[in-house]
Amino acid sequence: MQEEAKLIYKTRTAVIRYLGDHILHYDILANAEVVVEDAEEYIQIQSTFATERPVKNLTDIRKVKSISIAARDLLKSSSIANIHAGSALVVNSPLSRTIGNFFMQINRPDYPVRLFNDEKNALDWLRSLP
């Protein structure tokens with residue numbers, strides 16, 4: 001990322017930085033296997049930033065090995081909609097973006113989500129959200 005970002009937290013599976021504008025950047029570590037406990041930790045961290053208004057997430061999942069179904073279900077649940085204003089997911093390729101968008105149509109969360117192939121476009125889109 002070109003911008004100056006402040007490291008705020010390192011978890012078992014991610015490095016999380018605050019980018020300003022109520023945007024958190026989640027860099028999921030190489031070969032991470034994200035489980036529900038990791039998702040709960042992400043939500044707890046996000047909650048600390050969502051005191052005035054919901055937070056937007058820029059999540060780089062290009063290196064992730066897997067995300068469990070329970071973790072995905074928790075991260076898209078309506079219970080986090082009050083702290084979550086939108087998610088931009090950065091994926092590896094146009095093909096993975098197309099496949100991801102197909103699955104997002106089936107499992108759409110209660111907040112805006114888009115998949116991107118680069119962080120700049122993802123960040124621009126997040127900044128356009130209210």
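**Fold and nonpolar cores of a predicted model**

Buried residues (under 20% relative accessible area, with over 50% counting as exposed and values in between as partly exposed; 1.4 Å probe, protein chains only) make up 42% of the 130 residues in the protein chain. This is a predicted model, in which local features need pLDDT of at least 70 and side-chain atom pairs count only at pLDDT 80 or more, while totals for chains, interfaces and linings use all residues. Residues are numbered from 1 along each chain as its sequence is written, and side-chain values use heavy atoms, with hydrogens and water left out.

The protein chain holds four helices and eight strands, taken as DSSP runs (helices H or I, at least four residues; strands E, at least two) and numbered from the N terminus. Their order from the N terminus is β-β-β-β-α-β-β-α-β-α-β-α. Of the contacts (heavy atoms within 4.5 Å) between residues at least 6 apart in sequence, 71% join residues at least 24 apart.

In soluble globular proteins, nonpolar side chains tend to be buried together. Here the largest nonpolar core (buried Ala, Val, Leu, Ile, Met, Phe, Trp, Tyr and Cys residues joined through side-chain atoms within 4.5 Å) has 21 residues, of which Ile16, Tyr26, Ile28 and Tyr42 touch the most other members. At least two residues of this core come from each of strand S2 (14–20), strand S3 (23–28), helix H1 (36–49) and strand S8 (113–116). H1 gives the largest share, four residues.

Leaving aside residues up to four places away in sequence, Tyr42 touches Thr11, Thr13, Ala14, Ile16, Tyr26, Ile28 and Val34. Another core, of 11 residues, lies apart from the largest one and includes Ile23, Val90, Phe116 and Leu129.
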